[in-house]
Amino acid sequence: MSTPTGESDLTSEFLPGHVTAESTAVFCPTDIIPRDKSRSAISGPPKEEMEAFHGMKKNTPPLLPVPSQSSSSSDGLSIHATMTSQGTKRKRESIIESPLTTDMIMENVRQIMKRFTKNSDQIDKGNRKKATIGISGTSGEGKSSLLSAILGKKDLLPSGCFGACTAVVTQVEANLTDSNYITEIELFSKEEWDKELKDLFSVLSDESEDRDDELYEIAVEKINAVYGNDADEKTLEELKNDAKFAKIESFLSTNKEKSNSFSKSDVSEFAKYVASYIQHSESSSGGWYWPLVKSVKIKIPDCRELLEHIVLVDIPGSGDCNKIRDDLWKSKLRECSSVWIISAINRAITDSAPWGILKHCTEELGPGGECKSINFICTKTDDIDPENYVRCAQLPTDQIPEDKDQKKVNILDRNENAKMKVKKKFKKSKLKKIFSTDDQFQVFTVSSKAFFDPSLNLESCETEIPKLQDELRTLNKSMNRELVRDYVNEAKGTLLLIQSGQLDVDKKMMEMKVVELEENLKMSLNELGKYFDSIYSDLEQCLSKGVDESEKSCVASTKKLIAPNKDGRGFHKTLGALCKNDGCYSSKNRNTVLDLNKTLAKHLHECIDEDFSKIFPVTETTGMSVQEQINKFSIIQSDSANPSSPMQHFEDFIKTEETKLTTLLSGDIVDMKKLIYSSIQITIQNKMASCYEEAAAVTGTGSMKRRQDLLITTVDEIKHDMFNKAKMKVLKKLNNLKLHIMDALEKKLKKAIERSQSQTSKIIREDVSGYIEQLERLSDQLSD
């Protein structure tokens with residue numbers, strides 16, 4: 001029995017991308033290249049060098065060649081004609097430059113920074129994680145064909161004979177290093193598989209009339225997939241004497257400390273190898289390893305334009321009684337910034353599986369995750385019987401022009417009807433409150449087959465594959481611009497730090513400015529603290545209400561879930577699976593999900609959802625979100641210095657550091673938000689863990705009734721302590737977030753003040769104002 005993973009309350013450990021001293025600087029001042037020591041600090045640089053800095057004519061690295069204005073670029077950006085130089089009274093001359101791509105902007109910045117730093121070619125991508133798009137759909141719905149078409153690689157991923165392989169989490173991303181196809185397989189450990197196998201044979205040994213047939217089928221499918229036909233008819237001891245068993249044992253032991261990786265330049269060879277890990281064929285049992293697999297990572301070459309900053313995750317569409325894999329796909333769902341729900345067009349409305357994801361994953365897709373949009377994708381639009389469709393849809397055949405392809409007309413008509421019906425059905429779901437705008441929920445009707453086969457008479461745009469490619473391309477460009485903007489700001493910060501040391505600043509004036517900024521920091525942190533105290537108080541009230549409602553209703557809710565007033569035949573195995581899986585049971589197609597932890601957490605979640613969505617919104621501004629408070633946090637007053645002030649570069653450097661810090665903290669806020677929200681259910685699961693373990697061990701006559709009584713009694717006995725602990729866990733994690741943010745702001749900005757102050761006392765003089773202006777122009781293009 002696996003126990004739920006505990007959570008750390010250390011603010012420096014709970015966030016994978018938390019702010020550290022190292023994470024706030026790409027260009028380090030200690031890496032500044034030393035100048036010629038023979039130069040006089042008083043006389044300054046030679047005249048020709050000063051001309052280069054001020055006029056940008058001689059020694060300044062020129063902008064790289066750019067395309068003509070009539071040409072177009074993949075991510076062309078326009079440039080502001082004029083800007084006012086900061087720290088000087090002179091204005092820039094009006095200039096008209098052709099658009100630059102982000103790659104060209106990056107190269108320009110590198111050329112500038114080569115003069116001043118040793119690591120100008122480096123860019124820190126670790127602090128900005130890739131966007132995750134979750135793709136969910138049951139077997140046979142065309143997921144693999146869809147992904148292959150979007151990536152322009154026919155038959156890249158195996159399809160056609162998918163079985164329970166959809167239980168494997170498959171991740172697809174770009175290979176940015178070479179032209180090979182690469183896969184990395186994460187396997188269960190030998191110990192994990194031994195436990196899984198024992199549980200599977202326990203299911204097979206049940207010969208009672210009320211056994212759970214679905215669990216039985218899953219067990220048969222898994223055992224035969226790995227060990228061959230009729231392996232399920234053996235006992236576990238008999239199977240252990242089989243040569244295949246020893247082979248699997250050796251295979252898992254060999255790959256215990258490393259992922260099983262494979263690289264091929266030939267796509268056919270690659271696809272064949274990957275198939276054995278994510279595919280299953282009923283006609284050829286044995287030698288299929290998907291039951292042993294936790295996840296598969298596939299890296300595809302030549303798709304930088306679509307996937308450089310994006311990861312596609314094939315989230316399982318079928319249920320799995322294995323808790324490790326079940327927890328994995330839920331965690332992946334919470335990471336998704338967008339989710340694509342896949343269903344064949346002829347079953348898009350009636351199929352329970354795709355709508356089951358939307359029904360049972362509201363927490364993961366809503367306040368407990370970071371999903372910004374949902375795309376419902378109807379596949380196989382080319383699969384149509386024109387005569388049958390005309391008859392069923394009652395279409396007048398005489399209205400179709402003779403020169404038109406009847407099948408194509410019917411396809412396009414059905415596509416429009418499907419879009420209308422899916423949108424109408426979605427409006428009735430709980431998620432409509434969260435994904436309320438047209439761009440947050442879109443419907444696509446696609447044909448992967450017609451995309452590769454022109455003979456099917458559908459134009460490329462009519463397959464709607466290009467629309468999905470454009471979605472990826474747009475998101476990828478947006479993330480690339482953000483990354484380049486961060487890079488430009490890093491460079492600008494370094495040059496501003498250098499420039500702040502060039503001006504003759506009165507020591508007393510500097511001391512006064514430092515005192516002013518430190519006082520501003522203290523006041524700003526105080527205001528931020530008041531904000532956090534306010535939202536703490538609001539959530540505490542909501543949680544207290546949730547605790548009261550939960551205590552009153554939890555016993556009745558538990559009885560309703562685990563002791564339904566219906567024929568109990570077959571339910572005792574479902575209940576047993578729920579106990580073994582720490583309180584959660586999912587049917588194979590996920591149209592039935594029984595989650596006692598989620599049921600018990602329901603009132604607490606409902607009571608905080610409205611306020612929580614305002615404090616941690618996914619997209620829109622609310623006026624009370626944590627991110628908005630961080631965005632407006634500044635220790636520089638808007639009127640504190642004029643453009644000609646010798647302190648201007650000093651303040652500009654501080655502003656740049658504030659921008660960098662805001663970017664880093666935004667990721668921390670999203671990560672911690674998910675931990676705060678999920679802590680309610682995790683706390684309940686932890687409190688119920690020993691009860692689940694005890695109930696799972698109950699066997700024999702009347703076991704179902706004894707399990708039910710044990711669960712109900714436990715919930716009643718621990719309800720007060722359990723719900724109050726869940727409440728306090730939320731508040732503690734919220735306070736941890738407050739401490740983490742305020743600590744980061746205080747330490748990093750104090751350090752920025754100290755760095756800028758110390759720079760003014762350095763002897764080396766180098767006028768870099770011209771380069772700063774050039775970086776500002778590049779930054780303007782990214783903001784346009």
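In the predicted model, Asn 457 is found in the loop that runs between helix H15 (448-452) and helix H16 (465-500). The backbone of Asn 457 has a phi near 65 degrees, a positive value in a residue other than glycine, and the residue is partly exposed, with a relative accessible area of 42%. Most residues other than glycine have a negative phi. A second residue with a positive phi is Lys 380, for which the angle is about 60 degrees although the residue is not a glycine. Lys 380 is likewise found in a loop, in this case between E8 and helix H13 (386-393), and, at 36% relative accessibility, Lys 380 counts as partly exposed.

A search of the whole structure for salt bridges finds 41 of them. Side chains of opposite charge can pair when their charged atoms come close. In one such contact, the side chains of Glu 364 and Arg 334 meet at 4.0 Å, taken from N to O. This pair links distant parts of the chain, since Glu 364 belongs to helix H12 (residues 362-365) and Arg 334 to helix H10 (residues 323-335), with the two positions 30 residues apart in sequence. The two partners may be described separately in terms of cover: Glu 364 has a relative accessible area of 6% and is therefore buried, the cut-off being under 20%, whereas Arg 334, at 25% relative accessibility, counts as partly exposed.

Another salt bridge joins the side chains of Lys 674 and Glu 370, with an N to O distance of 2.5 Å. Here, too, distant parts of the chain are linked, as Lys 674 is in helix H21 (residues 648-696) and Glu 370 is in the loop between H12 and strand E8 (373-379), the two residues being 304 residues apart. Both members of this pair, Lys 674 and Glu 370, are buried. Lys 674 and Glu 370 also take part in a network of salt bridges, in which they are linked with Lys 129 and Asp 671.

Helix H21 also contributes to a salt bridge with helix H17, in which the side chains of Glu 651 and Lys 513 meet at 2.6 Å, N to O. Because Glu 651 lies in helix H21 and Lys 513 in helix H17, the pair ties together parts that are 138 residues apart in sequence. Both Glu 651 and Lys 513 are buried.

Helix H17 (residues 507-562) also contains Lys 560, which, at 71% relative accessibility, counts as exposed. Lys 560 is one of the residues that form a positive surface patch, the others being Lys 359, Lys 430, Lys 433 and Lys 602. Leu 525 is found in helix H17 as well, but this residue is buried, with a relative accessible area of 10%. The C-alpha atom of Leu 525 is separated by 9.4 Å from that of Asp 743, although the two residues are 218 residues apart along the chain.

Turning to the strands, E5 (residues 293-300) is mostly covered, in that six of its eight residues are buried. Strand E2 (residues 169-174) runs parallel to E5 and is joined to it by six bridges; within this pairing, Thr 170 stands opposite Val 296 in E5. Strand E3 (residues 181-187) is also joined to E5 by six bridges, but these two strands run antiparallel, and Ile 182 of E3 stands opposite Lys 299 in E5. The loop between E2 and E3 holds Leu 176, which counts as partly exposed at 33% relative accessibility. Leu 176 and Arg 304 are 6.9 Å apart in space, C-alpha to C-alpha, while in sequence they are 128 residues apart.

Conventions
Residues numbered from 1 in each chain as written. Predicted model: local features only at pLDDT ≥ 70, side-chain atom pairs only at ≥ 80, totals over all residues. Heavy atoms only, no water. Patch = residues over 30% accessible without salt bridge, like charges linked within 9 Å, V, L, I, M, F, W, Y side chains within 5 Å. Areas by Shrake-Rupley, 256 points an atom, 1.4 Å probe, with all protein chains shown as cover. Lys, Arg positive; Asp, Glu negative; His and termini not counted. Charge placed at Lys NZ, Arg CZ, Asp CG, Glu CD. Helix = DSSP H or I, 4+ residues; strand = E, 2+ residues; numbered from the N terminus. Buried < 20%, exposed > 50% of the residue type's maximum accessible area, 1.4 Å probe, protein only. Pairing = 2+ DSSP bridges.
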